[in-house]
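Open the model in your viewer and keep the selection tool ready. The stops below follow one another, each with something to select and a note on what is there.

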Amino acid sequence: MTELRQNGNDAALALAAIRWYVLSLEKLGNDIYVTDRGKYNEVLSILKVAYRDLGKVRMSLAAAAEDCGPGYVNCNGVCLPDCYEMTY
């Protein structure tokens, strides 16, 4: 996998790459389900693992969130545009 070096100029590219993966996972999951609904549990299992793994990374970020970028604030150890109560 290719790594993007992080500096001020690459932040937008890094976020665009993350968004591409998120959208691609959604499209692949939908395409697989529409093609073969019997694959639902397999797709769901893969997405649950990805969600849990990202959650573990998020929980490890308390120190990094002290230096949130412009437009973001530290919300209990995670940089977000605004702190709000999560409903999930």
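Which pattern does the protein follow when read along the sequence? Colour by secondary structure and the order is α-α-β-β, from two helices and two strands. The model is predicted, with a mean pLDDT of 87 for the protein, and 88% of the residues reach 70 or more. Colour by confidence next: helix 1 has the highest mean, at 95, and strand 2 (residues 79-80) has the lowest, at 88. Switch to accessibility, and 11% of the 88 residues count as buried.

**Stop 1: a nonpolar patch**

Select residues 11-35, which make up helix 1. Within the selection, show the side chain of Ile18. Is Ile18 buried or exposed? Ile18 is exposed, because its relative accessibility is 52% and the cut-off for that class is over 50%. Now add Leu15 and Val22: together with Ile18 they make a nonpolar surface patch of about 300 Å².

**Stop 2: a salt bridge along helix 1**

Stay on helix 1 and select Lys27 and Asp31. Their side chains meet in a salt bridge, with an N to O distance of 2.5 Å. Why are these two residues about one helical turn apart? They are four residues apart in helix 1, and so about one turn separates them. Asp31 has a relative accessible area of 34%, so it is partly exposed.

**Stop 3: the second salt bridge**

How many salt bridges does the count come to? The count is two. For the other pair, select Lys39 and Glu42, whose closest N and O atoms are 3.7 Å apart. That distance still qualifies because the cut-off is 4 Å. Both residues of the pair are partly exposed: Glu42 has 46% relative accessibility, and Lys39 has a relative accessible area of 34%.

**Stop 4: the second largest pocket**

Keep Lys39 and Glu42 selected, since both appear in the lining of the second largest pocket. Add Leu25, Leu28, Gly29, Ile32, Val43, Ile46 and Leu47 to complete that lining. What is the volume of this second largest pocket? The volume is about 150 Å³. Colour the lining by element of secondary structure: helix 1 and helix 2 (40-59) each supply at least two of its residues.

From Leu47, go across to Glu26 and draw a C-alpha to C-alpha distance: the two are 9.2 Å apart in space and 21 residues apart in sequence. Glu26 lies in helix 1 and is partly exposed, with a relative accessible area of 48%.

**Stop 5: two cysteines**

Move past helix 2 to the loop that leads to strand 1, and select Cys68 there. Is Cys68 buried or exposed? Cys68 counts as buried, because its relative accessibility is 19% and the limit for buried is under 20%. Add Cys79 to the selection. The C-alpha atoms of Cys68 and Cys79 are 5.6 Å apart in space, while in sequence the two residues are eleven apart.

**Stop 6: the loop between the strands**

Finish at Asn76, in the loop between strand 1 (73-74) and strand 2. What is phi of Asn76 near? Phi is near 55°, a positive value in a residue other than glycine. Show the surface around Asn76 as well: its relative accessible area is 83%, so Asn76 is exposed.

Technical notes. Residues numbered from 1 in each chain as written. Predicted model: local features only at pLDDT ≥ 70, side-chain atom pairs only at ≥ 80, totals over all residues. Heavy atoms only, no water. Patch = residues over 30% accessible without salt bridge, like charges linked within 9 Å, V, L, I, M, F, W, Y side chains within 5 Å. Areas by Shrake-Rupley, 256 points an atom, 1.4 Å probe, with all protein chains shown as cover. Buried < 20%, exposed > 50% of the residue type's maximum accessible area, 1.4 Å probe, protein only. pLDDT = per-residue confidence, 0-100. 1 Å grid on protein atoms, 1.4 Å probe; cavity = no way out; pocket = protein on both sides within 12 Å on 5 of 7 lines; lining within 4 Å. Points joined across faces, edges and corners; volume = space filled by probe spheres on them.
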